[in-house]
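This report describes selected helices of one protein chain, together with their packing and polar contacts. Please consult the sequence and structure shown here alongside the text.

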Amino acid sequence: MFLVARVTPYEWNLNFSCCTAHQPHPAAQFSPQESPVELSNNYSFWNTLWYVTSTMLKGGCDFGPRAVSTRLLGGTWWVFTLVITSAYTANLAAVLTVSRPFIPIKNLDDLANQSSISYGTVKGGSTMQFFQESKIAAHVKMWNYMKNRDVFVKNNGKGVEKVANEGYAYLMESTSLEYEIQQNCNLTQIGGVLGSKGYGIALQKKSEWTDRISRQLLLYAKRGIIEMKKTKWWKSKGATCTGMGSAVKQQRFSLNISNVSGLFLILFAGLVFAIFTVVVEFFIRSRQVAKAEGKALHKEVLQELKFALNLSDVRDHRTRKKTEGQNNGEPMQMIASLQPNQIPKTT
């Protein structure tokens, strides 16, 4: 914004009032001859920084763009900050107002050290045998709790039904558990895997099918066929859940770059169009000045660029200053640098 406003000739004006800066100066009709009347540019570096910050925070600013290029750039910035600020405010409000439900159990130790929620597993199954034979203190404590109470079920279906209708935690194999929570989003998994066990295919000893099936299973795993089948039968047959325990954990999704990429494209397009417009304005004005002074266009362009980019004093520029002249034989002098609300009175 600073560079575009510095280059364009239409941001240089008599800045004697923030409200009437776009209008001709009351004494501009006179033709000064002796001392210059300087044109100023509101968009200094710090003014530009204040402008973009105040408009982003909806605070407003005491000056605005005049040229087409700066107005295009400013309007694009307004649209960008409007949506960004609104989206951030909405996302922040959602994070602050949505509360997570309290989960009293986070791991196996929490389950073993409480008595309000009962827990059990399939009667006579491998999970029951695991707790029965385990020597870990937490597992022994849980087995002593389960063996003296009516907490065992006939199958996984009964266990899942009991979890849904009662204050009950069901212990089951991880593969079956993953399948159940994919079918019902109201279920969640607490804690990790207790014991790692694999499935196998039982064959006759020294069977010719042992190596064939083993190689084929390894090939399927390498090619991802097993994972494809798992996705098909585990995740595609029931409800579409965002993850394990999505209904209980209430996962929140923050904004990422893909959600606001369109805004950045709009901002980039505004930058490109603003730069293109200021180049057009610059060359049109340079052509007019070169034609009026009978100079070559490229020399005038170089001179204008040197002034704009070197941040030269405006008094050194011949087309961005006005001179002082006579009014009915009397000189009309004007202040070189005027402050806001200090409008010269003329008669």
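In this predicted model, the buried residues of helix α7 pack against β5 (168–170) and α8. Helix α7 covers residues 156–165, and its buried residues are Gly-159, Val-160 and Lys-162. Viewed down the axis of α7, these buried residues lie within an arc of 160 degrees, so they line one face of the helix. The exposed residues Ala-164 and Asn-165 are carried on the face of α7 turned away from that buried side. The N-terminal end of α7 is capped by Asn-155 through a side-chain oxygen.

Helix α8 (residues 174–183) also meets helix α10 (residues 225–235): their axes come within 9 Å and cross at roughly 50 degrees. The crossing makes α8 oblique to α10. On the α8 side, the contact is made by Thr-175, Glu-178, Tyr-179, Gln-182 and Gln-183, while α10 contributes Lys-230, Trp-233, Trp-234 and Lys-235. By class, three residues of this contact are nonpolar, three are polar and three are charged.

Elsewhere, Ser-54 belongs to helix α2 (residues 45–56). Its relative accessibility is 7%, under the 20% cut-off, and therefore Ser-54 counts as buried. Leaving aside residues up to four places away in sequence, Ser-54 touches Gly-59, Gly-60 and Cys-61.

The polar contacts of Asn-155 and Ser-54 are listed below.

| Side chain | Backbone partner | Distance |
|---|---|---|
| Asn-155, oxygen | Gly-157, nitrogen | 3.2 Å |
| Ser-54 | Tyr-51, oxygen | 3.1 Å |

Key: Residues numbered from 1 in each chain as written. Predicted model: local features only at pLDDT ≥ 70, side-chain atom pairs only at ≥ 80, totals over all residues. Heavy atoms only, no water. Axes fitted to C-alpha atoms, helices over the stretch in contact; angles between N-to-C directions. Helix = DSSP H or I, 4+ residues; strand = E, 2+ residues; numbered from the N terminus. Parallel < 35°, antiparallel > 145°, perpendicular 65-115°, else oblique. Contact = heavy atoms within 4.5 Å. Nonpolar A, V, L, I, M, F, W, Y, C, P; charged D, E, K, R; others polar. Buried < 20%, exposed > 50% of the residue type's maximum accessible area, 1.4 Å probe, protein only. Arc of directions from axis to C-beta. Polar contact = N/O pair within 3.5 Å; in protein donor to acceptor, adjacent residues only side chain to side chain.
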